[in-house]
Amino acid sequence: MSDAYAASLYPAESNHLVDVSTLERPSVCFFVARVDGAVAGCCALVEACDGTAEIKRMFVDPKARGLKVGKRLLQTVERHGESLRLTAIRLETGIHQPEAIGLYRSAGYVERPPFGSYKPDPLSLFMEKALSTRV
């Protein structure tokens, strides 16, 4: 469902999805949110091996939107990042997703230049949040 949603908003060259095999690596933690037992959202935290990690595959089912699923997933990912003693969590999101951008900004994420293997993309917004390394 998240692939189809992203494809409906962005051309292939601006879709920066990771494949399932990437999500199966030991450096990835995958989180699933459920509402009444049904999957309502998901999110992966991919360690970059430099003290940071990237949020990938953040998605909330349209039927679960408004239930604060995204906010809770983000809080869970951040707590996990702090337990790993990460210094920052980064992400790339598309400019046509105002709800996601609003969620990230309200949680303290700030815009930054492209990171890792990303290139500048007018349809992408790159963000980062510094984490407390106290656990």
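**Overall fold, a β hairpin and helix α3**

Of the 135 residues in the chain, 42% count as buried in this predicted model. The accessible surface amounts to about 7,700 Å², and carbon and sulfur atoms account for 55% of that area. The chain contains 4 helices and 6 strands, arranged from the N terminus in the order α-α-β-β-β-α-β-α-β-β. Among contacts between residues at least 6 apart in sequence, 57% join residues at least 24 apart.

A good place to begin a tour is the hairpin of β1 and β2. Strand β1 (residues 28-35) runs antiparallel to strand β2 (residues 38-47), and 8 bridges join the two. Within this pairing, phenylalanine 30 has alanine 44 of β2 as its bridge partner. The hairpin has 2 residues between its strands, and here aspartate 36 adopts a positive phi near 50°.

Helix α3 (residues 69-83) comes next. Its 15 residues should span 21 Å at 1.5 Å a residue, and the end C-alpha atoms are indeed 21 Å apart. Val69, Gly70, Leu73, Leu74, Val77, Glu78 and Gly81 are the buried residues of α3. Viewed down the helix axis, these residues fall within an arc of 165°, so they line one face of α3. On the other side of the helix, Arg72 and Arg79 are exposed.

The cover over the buried residues of α3 includes both strands of the hairpin, β1 and β2, together with β3 (52-60), β4 (88-94), α4 (98-106) and β6 (124-130). Following α3, arginine 85 has a positive phi, near 65°.

Conventions:
Residues are numbered from 1 along each chain as its sequence is written. This is a predicted model: local features need pLDDT of at least 70, side-chain atom pairs count only at pLDDT 80 or more; totals for chains, interfaces and linings use all residues. Side-chain values use heavy atoms; hydrogens and water are left out. Buried means under 20% relative accessible area, exposed over 50%, partly exposed in between (1.4 Å probe, protein chains only). Contact means heavy atoms within 4.5 Å. Accessible areas come from the Shrake-Rupley method with a 1.4 Å probe; for residues, only the protein chains shown count as cover. Two strands pair if DSSP finds at least two bridges between them. The expected span of a helix is 1.5 Å times one less than its number of residues. The arc is that of the directions from the helix axis to the C-beta atoms.
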